[in-house]
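Got your viewer open? Let's take a walk along this chain, one selection at a time.

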Amino acid sequence: MADVTMEPMFEVLKSVQARLAQVDGKIDELTQATQALRTSQISILQEISGVHATLVRHEGRLDRIEKRLELSDVPHT
């Protein structure tokens, strides 16, 4: 009976382990990139919210000015 050794199996397992380490590294990179995108989106949403608030404030001021000057889009009869 021939001697059977585990050496070829260990070599395959070493290769698999090295590839899994690479996959883990790539997953970590993707996780970091996803988190950076989330942070960026939150920042953009906050900026949009600020712009919206400014527009609402200006619209209110414009409405008050139009009332004070008696300006209207409705034609007089």
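## Starting stop: Met9

Select Met9: this residue is partly exposed, with a relative accessible area of 45%. Keep in mind as you look that you have a predicted model on screen. Met9 sits in helix 1.

Now add Met6, Phe10 and Leu13 to your selection. Together with Met9 they make a nonpolar patch on the surface, and the four share about 400 Å² of accessible area.

Keep Met9 and click on Ile44 as well. How far apart are the C-alpha atoms of Met9 and Ile44? The distance is 52 Å, for two residues that are 35 apart along the chain.

## Zoom out: the whole chain

Time to step back and show everything as a cartoon. How many helices and strands does the protein chain have? You should find 1 helix and 0 strands. Helix 1 covers residues 7-68.

Next, turn the chain around and look at its dimensions. The C-alpha trace spans about 115 × 20 × 10 Å along its principal axes. The radius of gyration of the protein chain is 33 Å, whereas a compact globule of 77 residues would come in near 11 Å.

Switch on the surface for a moment. What share of the 77 residues is buried? The answer is 0%. About 7,800 Å² of the protein chain is exposed, and carbon and sulfur atoms account for 60% of that area.

## Select the salt bridge: Lys14 and Glu11

Go back to helix 1 and pick Lys14 and Glu11. Their side chains meet in a salt bridge, with 3.7 Å from N to O. That distance qualifies because a salt bridge needs the nitrogen within 4 Å of a carboxyl oxygen. The structure holds 1 salt bridge, so once you've found this pair you can stop hunting for others.

Both partners belong to helix 1, where they are 3 residues apart, or about one turn of the helix. Are the two partners buried, partly exposed or exposed? Lys14 has 52% relative accessibility, so this residue counts as exposed. Glu11 has a relative accessible area of 45%, which means Glu11 is partly exposed. The line between the two labels is drawn at 50%, so Lys14 and Glu11 fall on opposite sides of it.

Leave Lys14 selected and add Ser40. Measured out in space, C-alpha to C-alpha, that's a gap of 39 Å, with their positions 26 residues apart in sequence.

## Colour by charge

Now colour the charged side chains. The protein chain carries 9 positive and 12 negative ones, and the centres of these two sets are 10 Å apart.

Which residues form the positive surface patch? Select Arg57, Arg61, Arg64 and Arg68 to see it. Arg68 is a good one to zoom in on: this arginine is part of helix 1, and Arg68 is exposed, at a relative accessible area of 68%.

Then try Glu59, Asp63, Glu66 and Asp73, which form a negative surface patch. Centre the view on Asp63, another residue of helix 1. Asp63 has 37% relative accessibility, so it counts as partly exposed.

## Last stop: Glu70

Follow the chain past helix 1 and select Glu70, which lies in the segment after that helix. What is unusual enough to look at here? Check the backbone: Glu70 has a positive phi of about 55°, although this residue is not a glycine. Glu70 is also exposed, with a relative accessible area of 68%.

## One more look

Before you close the viewer, show three things together: the nonpolar patch of Met6, Met9, Phe10 and Leu13, the salt bridge between Lys14 and Glu11, and the positive patch of Arg57, Arg61, Arg64 and Arg68. Then finish on Glu70 with its positive phi.

Technical notes
Residues numbered from 1 in each chain as written. Predicted model: local features only at pLDDT ≥ 70, side-chain atom pairs only at ≥ 80, totals over all residues. Heavy atoms only, no water. Helix = DSSP H or I, 4+ residues; strand = E, 2+ residues; numbered from the N terminus. Buried < 20%, exposed > 50% of the residue type's maximum accessible area, 1.4 Å probe, protein only. Patch = residues over 30% accessible without salt bridge, like charges linked within 9 Å, V, L, I, M, F, W, Y side chains within 5 Å. Areas by Shrake-Rupley, 256 points an atom, 1.4 Å probe, with all protein chains shown as cover. Lys, Arg positive; Asp, Glu negative; His and termini not counted. Charge placed at Lys NZ, Arg CZ, Asp CG, Glu CD. Rg over C-alpha atoms; globule rule 2.2 N^0.38 Å.
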